[in-house]
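Welcome! Please take a moment to look over the chain below before reading on.

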Amino acid sequence: KAYADGQLIFGPLAAFIVNQMLVAHPLLIDPANASRTLLWDRARRDWSPDLLKLFSIPQACLPVCVPSRYAWGDLDVAGRRIPVTVVTGDQSAALFAFGMPGLDQIAVNLGTGAFLQQSVGNTTPDPGRLLASVVYQSADSLVSVFEGTINGAGSAIKALSDNLGVDYDYMRAHSADWLRSADAAGNLPLFVNGISGLGSPWWLSDIDSHFVGDGNSEQKIAAVMESVVFLLTVNVRSIQTLSTSSEHILVTGGLGSVDPLLQRIANLTHMTVQRPEVSEATARGLAFLLAGMPAGWPQLNISATFAPQVDPALEQRFARWLEAMPKVPGNND
């Protein structure tokens, strides 16, 4: 009935928030959020007629696609009009935390989920089983990335801590020690991590998460953290098959404070891992976009660097973990 009355609009949450908060109640959406709908064409930078037909969705029910930087409208804050000039996603904003992203780095944000992004400039190449995302668009510029996504990072650790009855804050405070103890013991169980479904390059929505092998609570939590490293490694290797320009990994987010976790990433990917002094990336990146991408943005200061080390035990666990995981469709390895 709403559709028949011309009163039906649906789309990403960002479109609803913009519509509700801005004075003029616009019906608009940015590339980063529109691309999450399975209805957006990254080449046209608009809704895809073919995908709309496939899903039987009338375009009139969707918000209008506009650039990330755009005259979105005004907020009314205590009677004062504040213009909104940028709308984007949290991970898309995080990529710009330290200025324009270089083509030589893979940016990893370790939070509830984990996200990997490597800039490919203003091109939109075929991403294989990863994503090719437009993270910023203005009237005269475009930034695209190869993107990998891991659904269960911090959320997987939280789920296990709840299941085991281990206080989450206590677990976060001791996770580095538990990972170091696991290195010394050498008998860590493995965790098939399908929390919230498997992201790239599997794209499986329903998978049974389980342990391979046994261990105590501390060892199991260490195994879950290590599964995040394994998932990251698969995605890094996928990016490396598409691009040869990546030289190092830049890690932000809450889990980026765990040194043994970052050392494992370096050891398995054979790439140097860097942690900046500032871990909050999303707000900082949004500030850069709002400021118009200034050339004089504060330089990136690195607080810790993790060089790759030879780790045969970790390599062996990773090989066994790969055997326990579902095979990537179309992958003959």
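This report walks through the inside of the chain, its charged pairs, and a few individual residues.

## A predicted model

Keep in mind as you read that this is a predicted model.

## The nonpolar cores

Let us start on the inside. In soluble globular proteins, nonpolar side chains tend to be buried together. Here the largest nonpolar core has 55 residues, and the members that touch the most others are Leu-110, Ile-249 and Trp-321. Helix α7, which covers residues 217-242, supplies the largest share of this core, with 13 residues. There is also a second, separate core of 13 residues, and Ala-34, Leu-62, Cys-65 and Leu-142 are among them.

Try finding Trp-321 on your screen. Setting aside neighbours within four places in sequence, Trp-321 is in contact with Leu-190, Phe-191, Val-192 and Trp-202. Its list of contacts also includes Ser-227, Phe-230, Leu-231 and Val-234.

## Salt bridges that link separate parts

How many salt bridges are there? The count comes to nine. One of them joins Arg-36 to Glu-147, with the closest N and O atoms 2.8 Å apart. Arg-36 sits in the loop between α2 (31-34) and β2 (40-41), while Glu-147 belongs to strand β10 (residues 142-150), so this pair ties together parts that are 111 residues apart in sequence. Is Glu-147 buried or exposed? Glu-147 is buried, because its relative accessible area is 2%, below the 20% cut-off. Its partner Arg-36 has a relative accessible area of 43% and is partly exposed.

Another pair is Asp-259 and Arg-275, whose closest N and O atoms are 2.7 Å apart. Asp-259 is in helix α8 (residues 259-269) and Arg-275 is in strand β14 (residues 272-276), so the bridge ties together parts 16 residues apart in sequence. Asp-259 counts as partly exposed at 29% relative accessibility, whereas Arg-275 is buried, with a relative accessible area of 16%. You can also look for a network of salt bridges that links Glu-226, Arg-264 and Arg-317.

## Helix α5 and its own bridge

A salt bridge can also sit within one helix. The side chains of Asp-162 and Lys-158 meet in a salt bridge at 2.9 Å, N to O. Both belong to helix α5 (residues 154-164), and because they are four residues apart, about one helical turn separates them. The general rule is handy here: an α-helix has 3.6 residues a turn, so residues three or four places apart point the same way. Lys-158 counts as partly exposed, at 34% relative accessibility.

Which residues of α5 are buried? They are Gly-154, Ser-155, Ala-156, Ile-157, Leu-160 and Ser-161. Just after this helix, Gly-165 takes a positive phi of about 75°.

## Around helix α2

Asn-33 is found in helix α2. With 16% relative accessibility, Asn-33 counts as buried. Its side chain makes a polar contact of 2.7 Å with the side chain of Asp-30. Not counting residues up to four places away in sequence, Asn-33 touches Pro-12, Ala-14, Thr-88 and Gly-89.

Now step along to Ser-35, which is in the loop between α2 and β2. Ser-35 is partly exposed, with a relative accessible area of 23%. Ser-35 and Val-134 are 99 residues apart in sequence, yet their C-alpha atoms are 7.9 Å apart in space.

## His-174 in helix α6

His-174 has its place in helix α6, which runs over residues 168-185. How exposed is His-174? At 27% relative accessibility, His-174 counts as partly exposed. The side chain of His-174 reaches the backbone oxygen of Tyr-170 at 2.9 Å. His-174 and Glu-218 are 44 residues apart in sequence and 9.1 Å apart in space, C-alpha to C-alpha.

## A nonpolar patch on the surface

Some nonpolar side chains can be found on the outside too. Leu-13, Phe-16, Ile-17 and Met-21 form a nonpolar patch on the surface, and together they have about 430 Å² of accessible area. One of these residues, Phe-16, is found in helix α1 (residues 13-21).

Technical notes
Residues numbered from 1 in each chain as written. Predicted model: local features only at pLDDT ≥ 70, side-chain atom pairs only at ≥ 80, totals over all residues. Heavy atoms only, no water. Core = buried A, V, L, I, M, F, W, Y, C linked by side-chain atoms within 4.5 Å. Buried < 20%, exposed > 50% of the residue type's maximum accessible area, 1.4 Å probe, protein only. Helix = DSSP H or I, 4+ residues; strand = E, 2+ residues; numbered from the N terminus. Contact = heavy atoms within 4.5 Å. Polar contact = N/O pair within 3.5 Å; in protein donor to acceptor, adjacent residues only side chain to side chain. Salt bridge = Lys/Arg side-chain N within 4 Å of Asp/Glu carboxyl O. Patch = residues over 30% accessible without salt bridge, like charges linked within 9 Å, V, L, I, M, F, W, Y side chains within 5 Å. Areas by Shrake-Rupley, 256 points an atom, 1.4 Å probe, with all protein chains shown as cover.
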